[in-house]
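Welcome, and thanks for taking a look at this structure. Here is a short briefing to help you find your way around.

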Amino acid sequence: MIRKFLRKVFSRKAPASESNAKLKLNLSIIPFKHHGIRRNQITPCALKTATTLQQAGFSAYIVGGAVRDLLLGLTPKDFDVATNATPEQVYKLFRRSRIIGRRFRLVHVMCGAETVEVSTFRGNSPDEENNHASIQQTDQHGRLLHDNVFGSQEEDAVRRDFTVNALFYDPAKEEILDYLNGYEDIKAKKMRIIGDPIQRFREDPVRMLRAVRLASKLDMQIEAETAKPIGDLAPLLQNVPPSRLFDEMLKLLLSGYALACVVELRARGLHHGLLPMLDVILEQPLGERFITIALKNTDARIRQDKTVSPGFLFAILLWHEVLSTWGSLQTAGEKPLPALFKAMDQILAIQHKKLAIPRRFDAIIQEIWAMQPRFEARSGRKPFRLITHPRFRAAYDFMLLRCESGELNMELGEWWKSFLSADNEEREKLLLNQTSPKKRKRKRSRKKSSPSLADSPEDSTQNGEG
Ligand code: ATP
Ligand code: MG
């Protein structure tokens, strides 16, 4: 039965029009008195862009995530405008604008520091008469390689991902145009894919990640039919270009709902294709606790509008992979520090291929990791030197997370907290009488020393500090 279903899922290549033809399009126009969104809730730049296009005789609407967020009482991250004007026509109307994108051209309209993205209505259905099918190519799994056809407003609604993302707001009339019942879905807090879920996820597997991220962020349920094929289609994420996966992963991690997203990704089997190492990590209690605490912290920072460095996040996500490779190399007889550096190189090399973590993040990731053994030295001049390192703060926060998760003895973290808050004289008094800390370091087997989730951090002596 399962095999049959899998065969169906992996061999079917429906023409893109098949499910859309079955879609019932039913335009409802929702007036201000129902939806309550005033045009002054749109940023001046987005308003000016839409108004200028309309005054030039084109239709223009605020579309996508911004309309959705406003209806949910959230502040939109950015405003997108959809229009029937071609990119060239848009470009001519705005002095500060530029056409971007090669495959699908968009226009960026700039006012002050704000940029509004203007896209021409896009069609999604290959239209045999016009022979658009040749432009809309898919790979052998049904993934769209081009999405390059201009279309009507209805077609533009249909090619979007979820009904809640397919609403058009007309700022002049303060009306919302809804072809797909997205307004009701927003009220019911349901994320529903537009069209046939299997086909739409095959066209673009990233939509599965978007479903999870948006459902967490918007506190919505993924509607049952939409959710059903996700587990089986998860392997398709492996065909998505790694750079796109990286972008989506970063959006997810920096959404302020990273923990909820990661839990949900895992529950739906999506983490296999996306972050293969999450499998391994989350299956060990220590790894699970480390990531849980770290992502909780990250989410709290983002919600307080504080910055989070992507390098720090990836250092966290990959740390337990490094630890386990580091452990194996030492068991095989390598010395601790060379083993750590080798482990770091190996793990980063794997992730460059899988997730395309851009190399610009390598330096910070490596520095955070490489500084970890240095926290163990608490005698002589070493602690004084360590705190002057430009990346000390990140490495210190990282070390505290290791303590909180139970990987290190909490006493180490407490010592560093005291050391940091002390004046110079007190710092001298805090120094320990460590003989050669390097020689004292124990080789350790990770399996033996991993406490279970139930153990308290204080019980752990994994680092040989206790
Ligand atoms: P947010 O910006 O809050 O992350 P969003 O829905 O606005 O969410 P964007 O990436 O800004 O996401 O996309 C804008 C709109 O473009 C979406 O609302 C949706 O209508 C459409 N869209 C984005 N990605 C896809 C996709 N993979 N497939 C189909 N439509 C998409
Ligand atoms: Mg958006």
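A good place to begin is Val107, whose bridge partner in S6 is Val118. Please keep in mind as you read that this is a predicted model. From that pair of valines, the tour goes on to the other strands, a long-range look at some loops, the core and the ligand.

**Strands S3 to S6**

- The pairing of S5 with S6 is antiparallel and runs over five bridges.
- These two strands, S5 and S6, make a hairpin with two residues between them. In its turn sits Gly112, with a positive phi of about 55°.
- S5 (residues 106–111) also pairs with S4 (residues 97–100), again through an antiparallel arrangement, with four bridges joining the two.
- Ile100 has Leu106 in S5 as its bridge partner.
- The hairpin of S4 and S5 has five residues between the strands, and Gly101 takes a positive phi near 85° there.
- In which sense do S3 and S6 run, parallel or antiparallel? S3 (residues 80–83) and S6 (residues 114–120) run parallel, joined by four bridges.
- Asp80 has Glu117 in S6 as its bridge partner, and Asp80 is also one of the residues around ligand 1.

**Strands S1, S9 and S10**

- S10 (residues 175–178) is joined to S1 (residues 28–30) by three bridges, and the two run antiparallel. Within this pairing, Ile29 faces Leu177 of S10.
- S10 is also joined to S9 (residues 167–170), here by four bridges and likewise antiparallel. Tyr169 stands opposite Ile176 of S10.
- S9 and S10 form a hairpin with four residues between them. Glu174, in the turn, has a positive phi of about 50°.

**Loops worth a visit**

- Val164 belongs to the loop between helix H7 (153–158) and S9. Is Val164 buried or exposed? Val164 counts as buried because it has 31 C-beta neighbours inside 10 Å, and 20 or more is the cut-off for that label.
- The C-alpha atoms of Val164 and Asp178 are 9.3 Å apart, with the two residues 14 apart in sequence.
- Arg38 sits in the loop between helix H3 (32–35) and helix H4 (44–55). Arg38 counts as exposed because it has 11 C-beta neighbours inside 10 Å, where 12 or fewer is the limit.
- Arg38 and Lys173 are 135 residues apart along the chain, and their C-alpha atoms are separated by 9.7 Å.
- Lys189 lies in the loop between helix H8 (182–187) and strand S11 (190–191). Its phi is near 55°, a positive value in a residue other than glycine.
- Lys189 is partly exposed because 14 other C-beta atoms lie within 10 Å.

**Helix H17 and the loop after it**

- Helix H17 covers residues 285–303, which makes 19 residues. From its first C-alpha to its last, H17 reaches 27 Å, close to the 27 Å expected at 1.5 Å a residue.
- Buried residues in H17 include Leu286, Phe290, Ile291, Ile293 and Leu295. Arg289 and Asp299 are also among the buried residues of H17.
- Asp305 comes just after H17, in the loop between H17 and H18.
- Although Asp305 is not a glycine, it has a positive phi of about 65°. Asp305 is exposed because it has 7 other C-beta atoms within 10 Å.

**The largest nonpolar core**

- This core has 106 residues. Those that touch the most other members are Tyr61, Ile62, Val67, Val81, Met208, Ala315 and Val322.
- Which helix gives the most to this core? Helix H18 (residues 310–331) does, with 11 residues.
- At least three residues of this core come from each of domain 1 (2–240) and domain 2 (276–459).

**Around ligand 1**

- The residues surrounding ligand 1 include Gly64, Gly65, Lys77, Arg160, Asp161 and Asn165. Ala166, Asp204, Val206, Arg207 and Arg210 are also among them.
- By class, this shell has seven charged, three polar and two nonpolar residues.
- Helix H10 (residues 206–218) supplies the largest share of the shell, three residues.

Definitions and conventions
Residues are numbered from 1 along each chain as its sequence is written. Chains are lettered from A and ligands numbered from 1 in the order in which they are written. This is a predicted model: local features need pLDDT of at least 70, side-chain atom pairs count only at pLDDT 80 or more; totals for chains, interfaces and linings use all residues. A residue is near a molecule or strand if its C-beta atom, placed from the backbone, lies within 6 Å of it. Ala, Val, Leu, Ile, Met, Phe, Trp, Tyr, Cys and Pro count as nonpolar, Asp, Glu, Lys and Arg as charged, and the others, Gly among them, as polar. Two strands pair if DSSP finds at least two bridges between them. The expected span of a helix is 1.5 Å times one less than its number of residues. A nonpolar core is a set of buried Ala, Val, Leu, Ile, Met, Phe, Trp, Tyr and Cys residues joined through C-beta atoms within 7 Å. Domain bounds come from an automatic or database domain assignment.
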